[in-house]
Amino acid sequence: MSVGAPKIPVTVAEVTEVNDLIKRFRFVRRDGGPMPPFSGGAHVVVEMDDHGTRRMNPYSLMGDPADSTGYCISVRRDEAGRGGSLYMHHHVRPGMQMVLGAPVNLFALDARAREHLLIAGGIGITPFIAQMAQLEALGGRFELHYAARNRALGAYMPALRAAYGDRVHTYFDDERQLIDLPALLAGQPLGTHLYVCGPKGMIGWVRASAEAAGWPRATVHHEEFLAPPVGVPFTVDLAASGKVITVGASQSLLEAIEAAGVEAPYLCRGGACGQCETAVLACDGHIQHNDHWLTDDQKASGTRIMPCVSRFEGRTLVLDR
Amino acid sequence: MTKTDFPPSIRSRPVYGELAYRPGSLHLMVADGEGANALVDLVARAGAEAPGLLARAHIIYMPGPNGTDLSAVVQALGAAQFHRSPSYASAELRLRKVLADARMGLQVYLAGTEGLIGQAQREAMAAGLPHDAVQTEHRGATVRRVQCVHCKGITENVRTDPFVCAHCGLTLFVRDHYSRRLAAFQGVNIDAEDPGKVPPLVERFT
Amino acid sequence: MGLTFNTETFRGDFTFHNSPAAIRRFPFPFDRDDYMYSVNMEPHVPGPKGTVFEHNFDVDEHYLSEMRDRALVLAEDPLRCQSLPHMTLAGWDLLELIMESKARDYPDLFELHKNGNRWHWINRPMQIDQSFTFLDETTLPYGPMEYITRQAQGDFTLQDQRDDNLWIEAGMVTTQADWSLDFDIGMGFHEWHAPVPKAHELGVFDRALKFLLKLQHGAPVRRFNWTMTVDPLLDTSPENYPVWGPTRAMITPGNVGSRMHLRVELQTLHRLPRSNAIAFPIRCYLIRFDELVTIPKWGRRLHRVIRDLPVELATYKGFERNRATMVDYLARFDDGAPTSPGWMPDPE
């Protein structure tokens, strides 16, 4: 059983500097055809050839889903990251040919919601831009609460204000403006759904506040892609393919498996979707489970691993791959 | 009478839990018959939270299909709002109004028979709550609310299996297949293949 | 392409029949001599020319008659087509998928012309010429799902995806194997499959759900299901069970070959792009026993499958009471010779 949708060969059409940290990239199909439609909240995996290192990072689609002429993503430069965002910022130029995966939505709107309450922090705004465009076209009710470090880093705020007026609320950390979450959560009509995308701390704060305010679990949605962490190199036996591989310090286990020519399933590459779940056949050491997918019991059992974000420390790790 | 243990069944058959206090801005409790005792237990288990729970509680209570009426017990809990209704049908418009006015933070607790739980849960879902956000606890009679898959009519308080549809008169066997949207089990003609061959009506639900 | 549409009925005088070509392309569902539930999904990629897999949506000689039968069912019972309010966008996704597929795969029968959201759809066999605005329900005579599925063979359901589950929340269901959309609409994946025996214990539905939640747009999958039906009745609904149920008691050694039908469902699953819902077309193919046994391999194999099927499955599929008569009939076409692997007929 394969879930692989055809990849999309694209040309970089535009690169726009949004602010000191963020660049926006627009891709069009190389054959000039329309992009597949998508749903607000979807992401694509961008494949990069970083001077011989293959990088595949997921980014939320931020364009209007009704616009089939191209896809847009925004990339925040992460100086301490493994290099994907640096590659996008320093090396990707208009006219370059790249490859995108097909859109996948792990952060979909609940179509039944009476109202959509959107809470964004920093670069976490991107899926909401697509979602608001889709809601606006379909007549959905929404309001956005968007926090940024300062005015200069409040990407797309003026445009969103212009498009959606007082449905857009902005907050700036350096002006000590805080979202009044308890009041916001208390005032929503029954049937409202809450969505949060932003830094880990913000997601935790919003989810805990919603629970304390009596919001049902199924009405609270979040998206948090993990960047695969850097770490100490380690060695893995791939039993099914009979290979022994070494995972580099800034390489993920999944990338190392792919680099060895072994096919492995994936969708999000950020520890959220569960697609790359792999059986551990033997483990003498400690698996650093960095994913949001496995349960605590599964993690403790040491019999499963999510190679997109998790690492290993110890003597032997044998995987069924 | 404590909560009911139903035999294991298929995955569409509802299962019920035990009501537990959850933080909320308004606590809507709807119960019939022996469901009164589930509300009493809920308040008892809430411990230190009980006064706050009752201060923001709206209780709608009605006698059960077996005639059990514990209105006095429920009223004695001292909820901010208490309403005794003679039947579910007579309570439905009030229930809809409460749900329509509610904000997120509402907690819904349902206790008693399956007909009451199912119908009140359907109203909560229609008002925008996810079905699994509604807490339910079964107490009392096990009579069923069954929809005839042929004429679509619903027969309340079904005791026997098979039973005669109150609308079209076909004899129906009672499946465990259950629709939350209809708040009803499914009834299917038992003698469709061999008209007239109807087994005796056996009392299965009490 | 020389497709001639039969004039035939699926009720009353039951004039439904398969041409010799339709028999040879019948999607016989058994690739071996026994059967048990499994997830059995494979990519829905174009198959060999002439097979029912050649195109995304198969159009065959029964098209016009099936659409007439659907209209009759809907006139009797409009509840066979329902869409919960939040599923309209998924309905548009489905309309787009079907129109684009048919216009691409059968250009002599169907045309789709787009100018932005102004669309022009031509369905020649049904003599339909419709201009409308995509995503604007007021420009079509029905909602988008009902509009397009009145022009497409097979049943269709639409599943919303949320909370790591699929929810059956819209559908056009008039050619069903004894399940009720009106009753099941709104249920989760395990709930609407609840009455199926054995498969839950085998973990079939857990695995299938896990797989489907990850289904990607542009990568549809397919599987088969099957049952038995007396007479070529497309609408074996629970609603009408008192009408068609008595025919199950009418099977005799003399009529089993001409009245018993193998009913095969070619089920495909497609991720819908705008709504993130999943479309589940369930295409029903019927073949009389005496048509089926003209393919020697199928006669041999069906005999062995039916003879050896666990009783729970035969009961669930509704033919346990007629099994002995069916097996006796089919045994005449089983000489005990080994069958070749796969479902395709042996070359003549």
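Biologist: How many salt bridges are there between chain A and chain B?

Modeller: In this predicted model, the count between chain A and chain B is one salt bridge.

Biologist: Which residues form the salt bridge, and how far apart are the closest N and O atoms?

Modeller: The partners are A:Arg217 and B:Asp132, and their closest N and O atoms lie 3.4 Å apart.

Biologist: Which elements give two or more residues to the side of chain A that touches chain B?

Modeller: They are α4 (181–186) and α5 (200–212) of chain A. By class, that side of chain A has nine nonpolar, six polar and three charged residues.

Biologist: How many residue pairs are in polar contact between chain A and chain B?

Modeller: There are six such pairs, counted where both residues have pLDDT 80 or more.

Biologist: And what is the area buried there?

Modeller: Chain A and chain B bury about 1,300 Å² between them, and carbon and sulfur atoms give 59% of that area. The contact involves 18 residues from chain A and 15 residues from chain B.

Biologist: Turning to chain C and chain B, how many residues are in contact?

Modeller: On the chain C side 28 residues take part, and on the chain B side 25 residues. The area buried between these two chains is about 2,100 Å², with 55% of it on carbon and sulfur atoms.

Biologist: Which three residues supply more of the area that chain C buries than any other three?

Modeller: C:Phe183, C:Glu191 and C:Tyr241 do, supplying 29% of the area that chain C buries against chain B.

Biologist: With which residue does C:Glu191 form a salt bridge?

Modeller: C:Glu191 pairs with B:Arg180, with 2.8 Å between the closest N and O atoms. Seven salt bridges are found across the interface of chain C and chain B. In addition, 13 residue pairs are in polar contact there, both residues being at pLDDT 80 or more.

Biologist: Which elements of chain C give two or more residues to that side?

Modeller: α5 (181–184), α6 (189–192) and α8 (241–244) of chain C do. The side of chain C that touches chain B divides into 14 nonpolar, seven polar and seven charged residues.

Biologist: A different topic: is C:Pro338 buried or exposed?

Modeller: C:Pro338 counts as exposed because its relative accessibility is 74%, and the cut-off for exposed is over 50%.

Biologist: Where is C:Pro338 found?

Modeller: C:Pro338 lies in the segment after α13 (323–331) of chain C. From C-alpha to C-alpha, C:Pro338 is 9.1 Å from C:Arg301, although the two are 37 residues apart in sequence.

Terms used
Residues numbered from 1 in each chain as written. Chains lettered and ligands numbered in written order. Predicted model: local features only at pLDDT ≥ 70, side-chain atom pairs only at ≥ 80, totals over all residues. Heavy atoms only, no water. Contact = heavy atoms within 4.5 Å. Buried area = accessible area lost by both parts, 1.4 Å probe. Salt bridge = Lys/Arg side-chain N within 4 Å of Asp/Glu carboxyl O. Polar contact = N/O pair within 3.5 Å; in protein donor to acceptor, adjacent residues only side chain to side chain. Helix = DSSP H or I, 4+ residues; strand = E, 2+ residues; numbered from the N terminus. Nonpolar A, V, L, I, M, F, W, Y, C, P; charged D, E, K, R; others polar. Buried < 20%, exposed > 50% of the residue type's maximum accessible area, 1.4 Å probe, protein only.
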